[in-house]
Amino acid sequence: MPKINLPIKWKLTLWYGGILALILVIFSGGIYIYFMNSLQRSMDTKIKSIADVLASSITDTHGQSVFGNFERYLENVLGRKPKGKFIQIIDASGKIGARLNDLEEEAVPVSFVTLEKALRGEIVYETVETARPRLRMITMPIQENRKIISIVQVGSSLEEFEDTMKRLLIIMIISIITSISVTIVVGYFMAKKTMKPVDQIRRAAVKISSSNLDERIDIKGRKDELGRL
């Protein structure tokens, strides 16, 4: 395979572009991960606050008013009907007592492992990948006198979250490509300008021969490396 000899100005330009691309990718990746984790924490806080309110209400009423009109019960407790949410109450035996599903998909799979952890008193956060749209869900045990009387599950659609992250990714890709393109164009002209004295020295040196040894290279008072050369 023949070796490609690029001009120095192109080598400098590609180095500038490559280093900038690496910095931008690392920086953008860090921002993307931070923003994603921040949005997820915000979503976890929201669904936990709903679960806390429901758990407190069910404990106060001993679950008597839950299993009637569940939608009206949620409006009374939360002050509004939850949008894009999946909420259900499960008793200690695993039987579903009440459910609200404001999602496109009718059935939302519930993990038995998650329910087992909840029955042991653990609060479980999970992303339900098999649901459409995907859900971010909290499963919280409700305890009374140190005994688990029921389990509340609150899930929120990740559709808006995914759209936001997708838009952020597109903006980052466009910004990176634009920045690198501008850097390559500007870097090329800067490298060309920087290497121009070298080309002048080359042309002057070519003119010097045995017949005109008095010819001199005009360095124009340069005090840098090219002047010393």
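Is Gln88 buried or exposed, and why? The legends below take up this question and then move outwards through the predicted model.

**Figure 1. Gln88 sits in strand S1.**
Strand S1 covers residues 85-91. Gln88 has 0% relative accessibility, so Gln88 counts as buried. The cut-off for buried is under 20%. The side chain of Gln88 makes a polar contact with the side chain of Gln153, at 2.7 Å. Look also for residues farther along the sequence than four places. Those in contact with Gln88 are Ile96, Ala98, Arg99, Val110, Ile151, Val152 and Gln153.

**Figure 2. Five strands form an open sheet.**
Follow the order S2-S1-S5-S4-S3. The pairing is antiparallel. Strand S2 (96-101) and strand S3 (124-128) stand at the edges. Each has a single partner strand, so one side of each lacks a neighbour in the sheet. On average, neighbouring strands of this sheet are turned by 15 degrees against each other, direction ignored.

**Figure 3. Strands S4 and S5 pair over ten bridges.**
Strand S4 spans residues 135-144, and strand S5 spans residues 147-157. The two run in the antiparallel sense. For one bridge, find Met137. The partner of Met137 in S5 is Gly155.

**Figure 4. Helix H3 lies across four strands.**
Helix H3 consists of residues 112-119. The strands are S1, S3, S4 and S5. Against S5, helix H3 runs at about 135 degrees.

**Figure 5. Helix H4 has 49 residues and a bend.**
Helix H4 runs over residues 159-207. From first C-alpha to last, H4 reaches 71 Å. That is close to the 72 Å expected at 1.5 Å a residue. At Met195, H4 bends by about 35 degrees. A proline, Pro197, follows within four residues.

**Figure 6. Helix H4 has buried residues along its sequence.**
Among them are Phe161, Met165, Leu168, Met172, Ile176 and Ile180. Gly187, Tyr188, Ala191, Pro197, Ile201 and Ala204 are buried too. An α-helix has 3.6 residues a turn, so residues three or four places apart point the same way.

**Figure 7. The protein chain holds five helices and five strands.**
Along the sequence, the pattern reads α-α-β-β-α-β-β-β-α-α. The protein chain has 229 residues, and 31% of them are buried. Now take the contacts with a separation of 6 or more. Of these, 55% join residues 24 or more positions apart.

Technical notes:
Residues numbered from 1 in each chain as written. Predicted model: local features only at pLDDT ≥ 70, side-chain atom pairs only at ≥ 80, totals over all residues. Heavy atoms only, no water. Buried < 20%, exposed > 50% of the residue type's maximum accessible area, 1.4 Å probe, protein only. Polar contact = N/O pair within 3.5 Å; in protein donor to acceptor, adjacent residues only side chain to side chain. Contact = heavy atoms within 4.5 Å. Pairing = 2+ DSSP bridges. Axes fitted to C-alpha atoms, helices over the stretch in contact; angles between N-to-C directions. Expected span 1.5 Å × (residues − 1). Bend = angle between axes of the 7 residues up to and from the residue.
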